[in-house]
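Colleague: Could you take one part of this model and look at it closely with me? I am in my first year, so please go step by step and link that part to the rest as you go.

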Amino acid sequence: MIPVFRPPHREQPVANPSQRLTMLRAAVGGEPDLRVDNREMLREGISYMVDTLASLRKELGDEPLCLVLGADAFLQLHTWHRWQEILELAHIVVTHRPGWSLDDEALEMDSALSALWREHRVSEREQLTSRPCGAVIPVAVSQLDISATRIRAMVAAGDSPRFLVPDPVWNLMRLQGMYDFKAKADFDNRPHKLPIRTGSV
């Protein structure tokens with residue numbers, strides 16, 4: 001899990017880099033299979049995915065590497081910095097969010113992206129392990145329809161997003177007053193029972 005330092009396609013996030021790194025560590029602290037990597041924070045400047053993948057590729061050698069994107073993000077891939085180089089560094093796993101069908105959207109794909117989709121698409125996950133990069137695979141996943149925009153709007157309105165974010169993250173958001181949080185109910189002002197945990201990096 002790599003938090004962005006400065007996203008190239010949107011304004012700087014409301015939470016500063018240190019706050020976002022702390023929230024991510026709190027979110028995955030209890031998950032042994034997830035690790036927080038702060039290389040984009042250390043690199044500073046605009047966080048281009050191609051640079052991040054190049055640095056990971058240097059460390060991994062010929063091990064397979066996958067970049068996981070939601071279908072909506074994949075459909076904008078052609079607007080990314082040096083996007084044609086990404087498949088030279090990693091596979092792309094395109095997950096379907098609720099309400100999305102990539103096949104339905106394919107008709108409106110950018111022509112260059114459509115060509116990449118046709119030429120590099122594979123259907124079996126085992127095809128990702130036989131080479132270090134170069135394949136695109138769609139993967140249907142069951143996800144809650146949760147977005148960062150929705151959560152920020154709820155917090156700014158004084159509503160609790162509890163159960164939409166891990167308890168340790170919600171505790172940090174409340175205690176640090178992130179996103180202009182102002183509780184509407186006394187319940188939200190009481191600390192939750194789960195302690196804040198930070199995972200090792």
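**A loop, a helix and their surroundings**

Modeller: Let's begin at Gly-45, which is partly exposed, with a relative accessible area of 29%. That label fits because 29% falls between the cut-offs of 20% for buried and 50% for exposed. Please keep in mind from here on that this is a predicted model.

Where does Gly-45 sit? You will find Gly-45 in the loop that joins helix H2 (39-43) to helix H3 (49-60). Once neighbours within four places in sequence are set aside, the residues in contact with Gly-45 are Phe-5 and Arg-6. Try a distance too: from C-alpha to C-alpha, Gly-45 and Pro-7 are 9.1 Å apart in space, although 38 residues separate them in sequence.

The loop between H2 and H3 also holds Glu-44. Its relative accessibility is 47%, so Glu-44 counts as partly exposed. Now turn to the backbone. Most residues other than glycine have a negative phi. Glu-44 is not a glycine, yet its phi is positive, at about 55°. Arg-82 is another residue to check: it is not a glycine either, and its phi is positive at about 50°. Look for Arg-82 in the loop between H4 and strand S2 (91-96). With a relative accessibility of 36%, Arg-82 counts as partly exposed.

Now let's go to helix H8, the part I would like to spend the most time on. Is H8 enclosed or open? Of its nine residues, eight are buried, so H8 is largely enclosed by the rest of the structure. The buried residues of H8 are Asp-167, Pro-168, Val-169, Trp-170, Asn-171, Leu-172, Met-173 and Arg-174. Take Asn-171 as an example from this helix. Its relative accessibility is 4%, which is under the 20% cut-off, so Asn-171 counts as buried. Just after H8 comes Gly-177, with a positive phi of about 65°.

What lies before H8? The loop between helix H7 (148-156) and H8 contains Val-165. At 14% relative accessibility, Val-165 counts as buried. Leaving out residues up to four places away in sequence, Val-165 touches Ile-151 and Trp-170. Trp-170 is one of the buried residues of H8. Val-165 and Ala-148 are 17 residues apart in sequence, and their C-alpha atoms are 9.7 Å apart in space.

Next, which helix does H8 cross at roughly 150°? That helix is H1 (residues 17-28), whose axis comes within 7 Å of the axis of H8 (residues 167-175). An angle over 145 degrees counts as roughly antiparallel, and that makes H1 roughly antiparallel to H8. On the H1 side of this meeting are Thr-22, Met-23, Ala-26 and Ala-27, while H8 brings Pro-168, Val-169, Leu-172 and Met-173. Sorted by type, the residues of this contact are seven nonpolar, one polar and no charged. For a sense of how far the chain travels between these helices, compare Asn-171 with Ala-26: they are 145 residues apart in sequence, while their C-alpha atoms are 9.6 Å apart in space.

There is one more pairing to find, this time between rings. If ring centres must lie within 6.5 Å, the count comes to one aromatic pair. Its rings belong to Phe-74 and Trp-117; their centres are 5.6 Å apart and their planes are at 55°, so the pair is tilted. Phe-74 is in helix H4 (residues 71-74) and Trp-117 is in helix H6 (residues 111-120), 43 residues apart, and the pair links distant parts of the chain. Phe-74 and Trp-117 are both buried.

Finally, step back to the whole protein. How many helices and strands are there? The protein has nine helices and three strands, and along the sequence they follow the pattern α-α-α-β-α-β-α-α-β-α-α-α. Of its 201 residues, 39% are buried. Among contacts with a separation of 6 or more, 61% involve residues 24 or more positions apart. The exposed area of the protein is about 11900 Å², and carbon and sulfur atoms supply 51% of that area.

Definitions and conventions. Residues numbered from 1 in each chain as written. Predicted model: local features only at pLDDT ≥ 70, side-chain atom pairs only at ≥ 80, totals over all residues. Heavy atoms only, no water. Axes fitted to C-alpha atoms, helices over the stretch in contact; angles between N-to-C directions. Helix = DSSP H or I, 4+ residues; strand = E, 2+ residues; numbered from the N terminus. Parallel < 35°, antiparallel > 145°, perpendicular 65-115°, else oblique. Contact = heavy atoms within 4.5 Å. Nonpolar A, V, L, I, M, F, W, Y, C, P; charged D, E, K, R; others polar. Buried < 20%, exposed > 50% of the residue type's maximum accessible area, 1.4 Å probe, protein only. Areas by Shrake-Rupley, 256 points an atom, 1.4 Å probe, with all protein chains shown as cover. Phe/Tyr/Trp six-rings, centres within 6.5 Å; stacked < 30°, edge-to-face > 60°.
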